[in-house]
Structures are given as C-alpha cells and as structure tokens.
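Me: I've got a structure open and I'd like to learn how to read its interfaces. Can you walk me through it?

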Amino acid sequence: MTTRVALMATCLTDTLYPDTARAVVRLLERLGCDVEFPDAQTCCGQMHYNTGYRRQATTLARHTARTFDGYDAVVAPSGSCAGMVRDLYPGLHRSTVRVAGRTYELSEFLVDVLGVTDVGAYFPHRVTYHPTCHSLRMLGVGDKPLRLLRAVRGLDLVELPGARECCGFGGTFALKNADTSTAMLADKMQGVLDTGARVVTAGDNSCLMHIGGGLSRLNTGVRALHLAEILASTEEEPWVATR
Amino acid sequence: MGRNPVTWLGSPTFPSAARAALADTQLRGNLAHATGTIRTKRAAVVSELPDWERLRLAGEAIKDDVLANLDTHLTRLEAAVTARGGVVHWARDAAEANEIVLGLVRAAEASEVVKVKSMATAEIGLNEALAAGGVSAVETDLAELIVQLGDDRPSHILVPAIHRNRAEIRDIFRATMPGASPSLSDSPADLAEAARAHLRRKFLSAKVAISGANFAVADTGSVVVVESEGNGRMCLTLPRTLITVMGLEKVVPTWRDLEVFLQLLPRSSTAERMNPYTSVWSGVTPGDGPSEFHLVLLDNGRTATLADEVGRQALRCIRCSACLNVCPVYERTGGQAYGSVYPGPIGAILTPQLGAGTDDPSTASLLRSLPFASSLCGACYEVCPVRIDIPEVLVHLRSRSVTEKGPYTPEAVAMAAASWVMTSPSRFRLAQRLLGPLRLLARHGRVRRLPWPASLWTDSRDVPAPPKETFSAWWRRTRGPTSRASSGSRTRSRAPAPGRTAHSALWRRLRGRGTLPNDAGTAPPDTGAPLLGGAFADLVRRVRGGRRG
C-alpha cells in the first residue's frame with residue numbers, strides 16, 4: 001500500500017524555490033508515496049508567531065490545520081515550519097493539535113517513516129551540510145540528514161566548522177537586527193568557504209536563502225541548495241541549475 | 001514609581017547599541033576568544049556527568065517548587081536567620097534596598113565598604129547610591145575591579161570585564177590603581193599580583209562588607225556564596241558587619257536541594273567540577289567572623305514577574321552565564337549592548353520583566369527591543385542548567401512588546417496585511433503573482449538592491465529572482481488541483497481573476513469548465529480542446545508579464 005502524503009511546500013519554497021518542492025515530489029514518488037498538494041495551503045504562521053503576532057499566527061495555524069486535515073502524513077521540506085506545526089501548534093488552539101502529530105520534516109519522514117537512508121541519489125559534488133537550528137534543537141533530527149547524504153553516490157561530504165551555530169537568519173531577526181544577523185552570516189560563510197565545498201546544503205530554504213544570499217553577494221561561487229534537490233538527483237535525471 | 005536601575009539610563013535600543021559594538025574589532029576579538037574557550041570547556045565538564053539531564057530536571061523542579069511556595073520558604077528563611085542572630089530586611093524595590101544598606105553602613109560608621117561580586121547589588125545600582133551617600137564601595141572581584149577602576153560598565157554576568165584584554169587591563173591599572181607600578185607588565189601573574197596587593201589593604205581595613213547570595217537554605221538560615229578568587233571569603237569573614245542583598249528567588253528549602261545546584265552551577269558557569277571557594281554562614285557566631293549580619297531580601301520586580309505564567313521561569317536563573325557563552329548574538333555584540341547588568345539571552349528575558357512599568361520612554365524602548373535580540377536558535381535553552389525555555393519567553397515578551405506599540409506601526413500594519421493575504425488561498429496566489437515583476441530587477445537570477453524595508457535584507461544579501469512559475473502553479477498545470485483529503489465535497493480554492501476587466505465573465509466560464517489558464521499562462525495540455533485559441537493565451541501572457549509556457 002502506498003502512503004498518502006500531503007506536501008506542505010511552505011510559503012517561501014512555493015513562491016521562491018519551486019525546484020525544491022518539485023524535488024520533494026519526485027523523491028517521494030520515486031520511493032512509492034502517493035503525494036498530494038492541498039491547494040489551499042498558504043503559510044504556517046511561523047513568522048507572525050516568532051515576531052510576537054500570536055493572534056494572527058493562530059488564524060494562519062487554524063487555516064493550515066484545516067487544509068491538512070485527514071492526511072496520513074504531512075511532509076515539509078523545512079525544519080522551522082515543521083517545528084512550528086509540531087512543537088507550537090498544540091499550544092495555539094484545540095483545532096491545531098491533531099495536525100501536529102502527523103507532521104514531519106523531510107529527513108525525518110524519509111528515515112523514520114519510510115525507513116530509508118539510501119534513496120538512490122547521485123550527486124557528484126563536494127557538499128557541506130548546515131544543520132539548521134530548528135531542525136537541530138526543536139525537532140531533534142540529529143544526524144538523519146547526514147545519513148541520507150552519506151548514502152548519495154558520488155557525493156563528497158565535508159564537515160562544516162562551527163556547524164551548530166546559527167547562520168543569523170532568525171526570520172524577522174534578519175531585518176530587525178540586520179547588523180548582528182550579518183555578523184553571524186559572515187562567520188557561517190567563512191565556515192562554508194573553509195571547507196572548499198561547492199555546495200552548502202540544509203533542510204530549510206529560509207536559512208539557505210540567508211546563507212546563499214550572502215555567498216551570492218560576495219560572488220563566492222558556492223551554491224546553497226536544499227537537501228531535497230540533492231536527494232532527488234539521480235544518474236538518469238541529474239540535478240541541473242535552473243537559475 | 002522611580003526608575004529601576006536594572007537598565008542603564010540613556011541606553012539606546014539593542015539594534016543601535018549592537019551596531020556600535022559590532023564595529024569594535026578589539027571587542028569582537030576579545031569576546032570570540034573568551035566565549036569560544038569557556039564554551040568548549042563547559043561542554044567537556046558537562047559531558048563527564050552521565051546524569052546531567054536529570055540534574056537539570058531536578059534543578060528545574062526545585063526552583064519551580066520554590067517559586068510556587070515562595071512565601072512559605074521566605075518566612076522560614078527569615079525565622080531561621082533571625083534565630084541565629086541575623087537581621088532580615090525586606091526591600092520592595094531598588095530605592096528601598098539602597099536606603100536600608102546605606103543606613104546600615106552609616107550605623108557602622110564606615111565610609112568605605114568592600115564588596116563581593118553581586119548581581120543583586122549591581123541591579124539596584126548600590127555603588128552609585130552609596131557614593132551619593134558619601135560611602136565608597138570597593139569591588140574585590142578582579143573583573144569587577146577592572147570595570148570599576150576603568151569607570152566602565154559590566155558586559156558579562158560572571159566575567160564583567162570579558163570585553164577587556166590584558167593590555168587594556170594593564171593600562172587601566174597603571175592609570176587608576178593606587179600603588180600600581182608605572183612599569184606594570186601585562187602578564188596575568190603581574191596583573192593579579194598588583195590587584196592582590198591593592199585589595200589586601202582594603203580587606204584589612206574594612207569595617208563593613210557587602211555581598212550577594214547564590215543560595216540561602218530556608219531550613220537553617222544559611223547563606224551561600226560561591227566564588228573563585230578567595231576575595232569573597234575575605235569579605236565574608238574579616239569585617240565586623242556583613243550585609244547581604246539577595247533576590248527573593250534565591251531561597252532553597254533544604255541542604256539536599258543545595259547539593260543539586262552545587263553540581264549544576266560551577267560546571268555551567270566556570271566550567272569547573274567544583275568552584276574553589278564555597279562560603280556558607282548561618283547568622284552570627286560569636287568570636288568567629290562578622291558580629292553583625294543583615295540579610296536584605298529584594299523584590300525589585302520579582303513578584304510582578306512571578307505573576308506571569310510564561311515569564312516566571314526566568315526566576316529559576318542561577319546566574320551561571322552559560323546562555324551568554326553560547327549565544328551567537330552575545331558573542332558578537334558583547335554585553336553592554338543590552339543596556340543592563342543582565343546581558344545575553346537571560347538578560348533579554350529578565351531585564352524587560354524586572355524593569356516593566358517604567359515611565360521613561362527611552363527605557364521603555366530599550367526594554368521592548370530586548371526580546372528581539374535573538375535569532376531564536378535555542379542554544380541558550382540547550383545549556384541552561386535549570387531548563388529555562390528562553391526562546392519561549394522571548395516570543396512571549398515579543399507579543400507584549402507588539403501589544404504595547406499598538407496596531408498602527410508600519411510593522412503591525414504589514415503583519416496584519418500579510419496575515420490577511422495568507423488566510424486566503426486566492427489572495428495568496430495573487431500576491432505570489434504580484435512578486436513576478438521583481439524579475440525585472442534581477443540580473444543573473446538574483447536581485448541585489450531593493451527599497452526600504454527590503455533594503456534591510458539586500459544591504460548585505462542577495463535575493464533570488466522569483467521563478468517564472470511558482471510550485472503551486474506548476475502543480476496545478478501538471479497535476480490539477482488536489483482537494484482536501486477529509487472533505488472532497490469542499491470546493492477547491494478559487495484562482496484569482498486578472499483584475500476587473502471585460503474578461504471576468506469569460507474567466508468565470510473558464511473556471512466552471514476546469515480549464516482555467518494557469519499561472520504559466522497556458523491551458524493544461526491534457527484538458528481537451530481549449531475554449532479559446534492562441535489569441536487569448538497571448539493576451540494572458542502579456543498581462544502576466546510574458547511567462548513561459
């Protein structure tokens with residue numbers, strides 16, 4: 001029997017990183033899942049919640065809970081959005097409790113639910129992995145993303161110095177405390193550049209937008225790429241840059 | 001209500017103070033070195049204890065019990081201290097505490113007092129209050145002495161001079177320390193020796209000492225101070241009169257409870273298995289140590305904090321500084337940017353609560369800015385020995401800041417608009433499409449400059465150019481809409497109309513047939529013959545900015 005999975009693309013990935021969400025679809029379908037994309041989905045409310053707009057966050061959470069009601073599993077390619085749903089939804093409203101228990105971050109879903117670490121991927125590049133704060137400390141995904149990456153054929157995984165340190169994104173923190181955020185970003189970029197990797201990957205496009213935005217501004221030639229896109233890449237259908 | 005000295009008068013908000021601190025290369029270097037070192041050491045000593053997580057749980061549980069029954073524990077403490085010859089005073093706020101202490105010092109006919117490093121006395125601005133009353137207070141902790149001699153402000157709870165390196169300390173000593181040699185070197189041993197000679201004279205001549213307290217055991221009325229340098233032991237034993245100022249929340253019920261904290265505190269703060277000096281005294285003992293002991297129990301915003309169900313966990317804090325040492329924000333801005341004696345993550349949740357209700361507008365702005373001085377990375381919560389969920393309290397206090405500022409700030413209006421857009425799938429899809437023209441500003445797939453407030457991002461990072469087709473548009477084009485799993489009867493979301501044009505009737509017809517041209521501007525290839533030919537598709541393409549098919 002196939003697992004019916006609802007893809008929670010997240011507002012950021014839907015709008016700015018469609019390749020990531022397409023990669024999730026490709027990957028999960030390759031692994032035998034029946035993927036659906038509930039069309040009414042918008043935003044989980046994390047930005048409002050973390051910036052202190054709890055009432056509006058609750059409205060968005062209730063909309064999200066309604067949208068994803070009834071699926072076996074909800075998978076998000078984002079540690080922070082999955083963390084919002086799983087850790088914080090239960091405290092927001094009685095109608096947002098149920099979806100919390102069925103929501104997974106992508107690497108958790110692959111390793112814990114589908115029970116795979118080798119997803120048949122091929123990605124012949126030197127890669128370093130940044131464990132995003134919410135994946136690491138809120139969800140506790142541990143080394144699951146690394147186990148998935150180690151099983152990718154052709155991939156040269158190099159350890160990121162200071163990996164556990166925040167990249168400085170922090171949602172609206174990046175705007176409200178832009179100077180401090182940039183100082184944190186500078187150190188994260190230095191760590192990435194020290195590895196000599198051509199690609200920095202993570203399980204969250206918000207952090208990758210930050211790290212990648214800095215790497216691009218400095219013309220470092222290092223690409224920030226979501227874990228899903230690496231895992232979706234195969235020898236027959238290798239990953240190609242669309243921009 | 002007077003000003004609460006927990007914040008420094010005239011301090012700017014966190015973002016602007018941080019900007020200045022970030023530009024100080026000496027400060028950045030000193031801090032990165034110091035926090036990096038202590039962080040590694042702490043991790044090593046914590047990993048030695050297999051039951052560390054259970055110790056944290058125990059610490060949390062004991063403190064929660066103390067806070068839930070504070071009245072009982074404090075009454076027992078007062079009775080036990082009094083029974084052993086001490087005198088207990090209660091101070092509602094900083095002004096009351098300072099007045100009590102100054103009165104006691106005057107009664108002892110002292111014009112100079114020696115001090116053990118204490119956050120409570122720093123919080124109430126005791127040194128300044130004593131100076132105003134003609135009494136000079138001498139800090140005897142080495143780092144606190146460096147701050148005092150340099151006429152500086154502390155930047156760390158445990159190591160207030162963490163922002164100074166040894167060359168700076170040598171210069172401060174040469175310029176301000178009585179008796180310091182003009183040829184004093186910057187070797188740590190020489191600096192320590194100079195401080196030692198200076199302080200020894202003070203210890204031997206002082207009639208009054210003032211301390212804080214790390215813990216007080218209610219059962220026996222015993223007060224505990226833990227320290228590293230031995231200066232505390234000198235202060236606590238040599239002078240005739242000892243005055244201790246202690247926050248209400250420092251009481252613990254029994255000695256067994258103390259055992260938990262004496263394991264948690266040194267490993268978390270100095271990364272030591274055990275701190276070098278632990279001094280414990282119960283009232284007064286004739287012929288041994290001070291003949292007069294006063295315990296000042298300080299509220300100064302604590303009971304108000306206790307009333308907040310989420311915020312009260314900040315009162316579990318045992319002032320170890322582990323959260324400062326791991327905080328990526330603190331590491332880069334240092335402590336002074338927080339405008340308070342309590343910096344770092346704990347300061348960002350403690351200061352706004354202790355200082356709440358201020359009538360000074362600039363202080364209120366600072367207090368509102370502090371809960372935002374965090375990326376919510378959670379490193380602080382991970383190391384906190386009493387498991388204060390600092391990110392949870394930060395977000396809680398952010399809500400309070402937002403409420404205080406009202407619904408008409410640009411941010412509040414933008415947030416309300418964003419929420420209005422995102423509670424409706426059709427409005428969200430329309431907003432996604434309105435981002436499309438941003439592609440015109442993009443070069444090589446990236447946007448490098450945008451007007452305020454987006455410039456706050458683009459000043460230092462690029463933005464990826466919006467794609468030609470969002471994911472949801474791609475899904476609808478290639479897969480068709482998915483209705484909700486639970487209720488197939490519910491209508492799927494409406495696709496947004498292209499504006500109030502003559503086409504609206506046509507769009508309604510198209511929608512009814514399920515062949516609505518999607519975001520890519522072309523009809524799905526598998527829906528049979530399109531209702532209209534290429535002319536309409538061309539029009540749509542032009543209206544929508546020429547997206548690819």
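Reply: Sure, let's begin with one pair. B:Arg479 and A:Glu29 join their side chains in a salt bridge, 2.7 Å from N to O. The term means a side-chain nitrogen of Lys or Arg within 4 Å of a carboxyl oxygen of Asp or Glu. Keep in mind that this is a predicted model, where local features need pLDDT of at least 70 and side-chain atom pairs pLDDT 80 or more, while totals for chains, interfaces and linings use all residues. Residues are numbered from 1 along each chain as its sequence is written, chains are lettered from A and ligands numbered from 1 in the order in which they are written, and side-chain values use heavy atoms, leaving out hydrogens and water.

Me: How many salt bridges are there between chain B and chain A?

Reply: Eleven salt bridges link chain B and chain A. Helix H20 of chain B, residues 410–422, supplies the largest share of the side of chain B that touches chain A, namely seven residues. Helices here are DSSP runs of H or I, at least four residues, numbered from the N terminus.

Me: And how do I judge the size of an interface?

Reply: It's often given as the accessible area lost when the parts come together. Buried area uses a 1.4 Å probe and is summed over both parts. For chain B and chain A that comes to about 6000 Å², with 58% of it on carbon and sulfur atoms. You can also count contacts, meaning heavy atoms within 4.5 Å: 68 residues of chain B touch 70 residues of chain A.

Me: Which domains does chain A have?

Reply: Domain bounds come from an automatic or database assignment, which gives domain 1 (4–113) and domain 2 (126–232) in chain A. Their C-alpha centres are 21 Å apart. Domain 1 of chain A puts 32 residues into the contact and domain 2 of chain A puts in 21 residues.

Me: What area is buried between domain 1 and domain 2 of chain A?

Reply: About 2200 Å², and carbon and sulfur atoms give 62% of that. In domain 1 of chain A, the residues that lose the most area to domain 2 of chain A are A:Tyr17, A:Ser107 and A:Val111, together 19% of what that side buries.

Me: How many salt bridges are there between these two domains of chain A?

Reply: Just one salt bridge is counted between domain 1 and domain 2 of chain A. A:Lys144 pairs with A:Asp112 in a salt bridge, their closest N and O atoms 3.0 Å apart.

Methods
Buried area is the accessible area (1.4 Å probe) that two parts lose on being put together, summed over both. Helices (H or I, at least four residues) and strands (E, at least two) are DSSP runs, numbered from the N terminus.
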